[in-house]
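Let's walk through this assembly one contact surface at a time. Have the viewer open and follow along.

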Amino acid sequence: MNRCAVIGIGQTKHAQKRADVSIAGLVREAALAALADAELTFSDIDAVVIGKAPDTFEGVMMPELYLATALGAVGKPMMRVHTAGSVGGSTALVAAHLVQAGVHQRVLTVAFEKQSESEAMWALSPKFPFQPPLLAGAGGYFAPIIRAYMMRSDAPSDVGLQVAVKDRLSALKNPYAHLQMSDITLEMVRNSPMLWDPIRYLETCPSSDGACAMILGDDQAAKRALRPPAWIRGGAMRSEPTMFSGRNLVDPQAGRDCAADLYRQAGITNPRREIDVAEIYVPFSWFEPMWLENLGFAERNQGWRLTMDGTTALNGDLPINPSGGVMATNPIGASGMLRFAEAALQVRGLAGDHQIDGARIAMGHAFGGGSQFFAMWIVGSEPN
Amino acid sequence: MRDVAVISFSQLLVDKAEANDAELVMPVVREALGRAGLQKQDIGFTCSGSSDFLTGMPFSFVGALDAVGPWPPIEESHVEMDGAWALYEAWVRLQHGDIDTALVYAFGRSTLGPIEDILALQLDPYYEAPMWPDATSLAALQARALLDSGRLSDSDKKKATAEPPKIVDGAAAVVLASGDRARKLCSRPAFISGIDHRIESHLLGVRDLSHSVSTEIAAKHAGCFEKSPTFAELHAPYSAQELILCDALKLDKQVTINPSGGAQNNNAVMVAGLIRIGEAATRVSNREADCALAHASSGPCLQQNLICMLEARA
Amino acid sequence: MSDAVKLFKAPIRLEYTIPAGRATSRFCRGLASGRLYGQRCPECKKVNVPPRGACPTCGVPTEEEVLLPDSGTITTFCIINIAFAAQALELPYACASILLDGADSTLFHLIQEVPVAEIRMGMRVRAVWAENKLASLEAIRHFKPTGEPDALASIEGHF
């Protein structure tokens with residue numbers, strides 16, 4: 001298997017509505033930024049891999065067809081990945097596979113969502129036949145899982161508030177982040193409306209327009225890059241069914257297996273000690289402690305302690321989501337790729353004001369569906 | 001590149017499925033695995049292809065995954081494309097060398113909604129889709145371009161204006177295996193000697209619709225022009241497209257086109273391309289051919305094309 | 001560019017006729033007659049409800065129908081305070097995952113006839129059927145507490 005590195009990264013300014021650009025304009029903004037970072041042009045790219053969440057979000061069927069021109073893919077191979085919320089991560093992995101397999105030297109990978117052009121809530125909770133319309137979006141699905149975690153772990157009730165504030169404060173150091181809430185406080189989050197009890201409004205991710213792009217290259221491409229590459233030290237995907245008897249929704253086996261495969265590839269035996277920073281997919285604030293456990297950073301039912309004692313803060317020993325994460329920016333299809341890209345920025349030392357000093361090993365994590373699809377990678381400032 | 005072969009194939013085409021997606025997929029997955037002598041836990045990587053717009057509901061691939069029984073958790077991915085591209089992703093994954101087998105499947109219930117209109121949503125959402133050009137009208141545009149090119153004989157002219165395809169529901173599954181594993185599991189594996197795909201502009205006005213440039217590039221990279229296929233399975237729902245593809249692939253009269261009947265008789269949207277690969281592989285495996293060509297297409301007027309060359313090896 | 005077009009509407013309307021599928025069809029016919037049927041997997045023997053014709057963990061067809069009582073235990077739940085287009089329920093309302101007695105997987109439905117603040121994990125509930133039963137989960141209007149003691153132990157390992 002060939003080595004693969006991230007040699008260019010770009011993202012859009014994320015916002016609730018990017019009315020200034022079309023869908024093509026949005027993805028192109030990210031792609032051109034990634035090319036500029038890599039000091040390359042579209043003609044240097046061998047293939048394009050694009051990902052996004054369901055097509056019903058924008059009402060464009062298989063949008064890779066319409067976006068081929070805008071992404072300089074004409075005459076080249078182009079693929080479209082869709083693995084629900086984990087798609088941004090799995091899209092990057094599919095692109096990396098092309099380089100690792102020796103099929104291509106340089107691949108452009110892009111993920112996006114332009115939620116303002118349609119109604120995501122409608123797309124997620126349409127009038128499905130044969131069942132009553134109950135759920136009111138993703139929150140209705142995830143709230144019972146969070147309730148189960150709260151009971152199982154006996155965590156204090158303000159863990160969710162802490163994450164909500166921490167991530168929004170980190171986002172202030174990220175000029176691309178959607179939410180810029182300089183006045184956020186625990187009280188403000190506590191007093192925000194309880195939408196899907198136990199999830200409050202400010203414990204929920206926003207809905208954003210945005211895109212993310214990366215240029216992945218082989219050894220040679222990485223050597224020629226002028227800026228430091230982020231080497232992919234491991235990448236893994238796992239899936240399990242949505243509903244089955246005895247399913248552990250709080251701590252899904254697919255997530256555990258995915259992390260185990262990832263650490264094996266990257267030679268990591270103690271993730272808590274060996275990983276410097278992690279960008280993990282936290283769409284509702286309580287998912288931070290849940291994933292800390294699922295990923296092996298903490299024992300079962302103990303993840304919340306790392307949140308409460310400041311370990312996961314920007315200046316903590318294991319910073320989680322220094323970019324502000326999904327809690328500050330959520331263009332659904334791109335959210336996973338943003339986690340992967342932010343991890344790569346950290347080990348390249350190019351994360352700007354939210355750079356973690358001395359970050360050499362970083363994790364990008366994404367999940368989707370009913371907590372059943374997982375995509376993760378470990379990137380490092382040096383190859384394996 | 002590592003040797004990878006199609007070692008088994010199963011398809012199910014029905015005029016109108018009574019099944020849900022999982023019920024539609026399960027028989028083909030079980031049959032393909034059974035023919036390969038494998039069980040689900042023997043599979044290293046699973047990849048599927050489908051489109052949410054066929055059923056009008058988001059995440060249709062999620063329910064279909066139940067058909068595989070992904071427990072304990074599996075390494076799995078999905079493309080919102082014809083299953084032929086899922087096979088491409090699996091072929092790439094097998095190149096890494098750490099796994100030897102992959103399961104690929106595709107499904108589509110194309111008869112649930114107004115498929116002719118649904119496909120209009122593949123167009124530019126600002127300039128073209130709002131006019132709702134239906135799929136057959138777009139294909140007619142291409143047929144007209146071909147007729148007016150002056151390249152056609154009288155008999156081909158007649159052929160270029162045949163009926164639109166019959167839309168059906170369907171599912172298909174393919175098992176891939178690498179090198180020695182393929183030889184162990186199958187008496188005559190259909191090795192993929194080359195596979196490549198290319199896309200063209202979405203703007204119909206900037207393309208010469210009477211030519212398929214992307215097919216030609218993909219064919220070149222798949223090594224098509226150095227091979228002599230006995231059969232070619234072409235994913236051409238409309239007959240004019242078959243003529244354009246034969247031209248791009250430089251197929252002479254010796255090559256039998258679509259011995260399976262092709263996508264004109266049974267157009268299972270999102271599945272038809274994978275079926276072409278399965279059909280071509282079957283001709284190799286059952287000794288009807290030493291080399292066969294399979295083609296898959298995506299988008300209006302053959303916008304994106306994939307070529308897969310299959311051959312027997314000693 | 002003060003005259004730039006920033007928005008135009010391009011409504012999409014597509015009509016689909018969705019067959020329920022074999023398993024859901026049998027399940028819905030049962031509901032129309034006031035009965036809840038699950039399906040037992042021939043391999044792992046677990047009873048799945050709602051049944052989907054395939055055992056999600058074994059990947060084998062499930063044919064054997066199992067008549068289930070309409071009572072069960074809440075494994076976990078949420079209280080919804082947000083209005084959205086597809087529903088017309090009075091806020092707040094509660095939805096719960098319910099482990100029906102004799103089933104191994106949970107069913108998602110409304111919990112009513114109890115103040116939302118009193119709903120608990122482990123609470124025992126029973127279906128309240130609609131008078132005019134559609135061939136849909138809407139044949140059950142909602143679930144309501146039975147008043148039996150909580151059964152937390154019975155939901156161990158089900159969330």
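**A glycine in chain A, then the interfaces**

Start with A:Gly234, which touches A:Leu262, A:Gln265, A:Met376, A:Trp377 and A:Ile378, leaving aside residues up to four places away in sequence. Keep in mind that you're looking at a predicted model. This glycine sits in strand 8 of chain A, residues 230–239. Is A:Gly234 buried or exposed? With a relative accessible area of 3%, A:Gly234 counts as buried, because the cut-off for that word is under 20%. For a sense of scale, pick A:Glu203 as well: A:Gly234 and A:Glu203 are 31 residues apart in sequence, and their C-alpha atoms are 31 Å apart in space.

Strand 8 of chain A takes in residues 230–239, and A:Arg238 brings us to the contact with chain B. Here B:Glu75 and A:Arg238 form a salt bridge, with the closest N and O atoms 4.0 Å apart. How many salt bridges does the rule find across the interface of chain B and chain A? Just one. Polar contacts across this interface come to 16 residue pairs, both partners at pLDDT 80 or more. On the chain B side, helix 2 (60–64), strand 3 (76–79), helix 3 and strand 6 (190–199) each supply at least two residues. Helix 3 of chain B gives the most to that side, with six residues. By class, the chain B side has 30 nonpolar, 13 polar and ten charged residues. Chain B and chain A each bring 53 residues to the contact, and the area buried between them is about 4600 Å², with carbon and sulfur atoms giving 69% of it.

Now stay with chain B and look inside it. Chain B is split into domain 1 (4–113 + 167–188) and domain 2 (121–165 + 193–311). Their C-alpha centres lie 22 Å apart. The contact between them involves 33 residues of domain 1 of chain B and 32 residues of domain 2 of chain B. About 2600 Å² is buried between these two domains, 69% of it from carbon and sulfur atoms. On the domain 1 side, B:Asp82, B:Trp85 and B:Arg188 lose the most area to domain 2, together 30% of what that side buries.

B:Arg188 is worth a second look. Its side chain meets that of B:Asp290 in a salt bridge, 2.9 Å from N to O, and the count between the two domains is one salt bridge. There are also eleven residue pairs in polar contact between the domains, both residues at pLDDT 80 or more. Strand 1 (4–14), helix 3 (83–94), strand 4 (101–109) and strand 5 (169–178) of chain B are the elements that give two or more residues to the domain 1 side. Helix 3 gives the most there, with six residues. The domain 1 side divides into 21 nonpolar, eight polar and four charged residues.

Finally, turn to chain C, where 38 residues are in contact with 32 residues of chain A. The area buried between chain C and chain A is about 3000 Å², and carbon and sulfur atoms give 71% of that. The rule finds zero salt bridges across this interface, while six residue pairs are in polar contact, both at pLDDT 80 or more. Helix 1 (22–32), strand 4 (71–80), strand 5 (93–100) and strand 6 (107–111) of chain C each give two or more residues to the side that touches chain A. Strand 4 of chain C gives the most, with five residues.

Conventions: Residues are numbered from 1 along each chain as its sequence is written. Chains are lettered from A and ligands numbered from 1 in the order in which they are written. This is a predicted model: local features need pLDDT of at least 70, side-chain atom pairs count only at pLDDT 80 or more; totals for chains, interfaces and linings use all residues. Side-chain values use heavy atoms; hydrogens and water are left out. Domain bounds come from an automatic or database domain assignment. Contact means heavy atoms within 4.5 Å. Buried area is the accessible area (1.4 Å probe) that two parts lose on being put together, summed over both. A polar contact is a pair of N or O atoms within 3.5 Å; within protein, one must be able to donate a hydrogen and the other to accept it, and residues adjacent in sequence count only if both atoms are side-chain atoms. Helices (H or I, at least four residues) and strands (E, at least two) are DSSP runs, numbered from the N terminus. Ala, Val, Leu, Ile, Met, Phe, Trp, Tyr, Cys and Pro count as nonpolar, Asp, Glu, Lys and Arg as charged, and the others, Gly among them, as polar. Buried means under 20% relative accessible area, exposed over 50%, partly exposed in between (1.4 Å probe, protein chains only).
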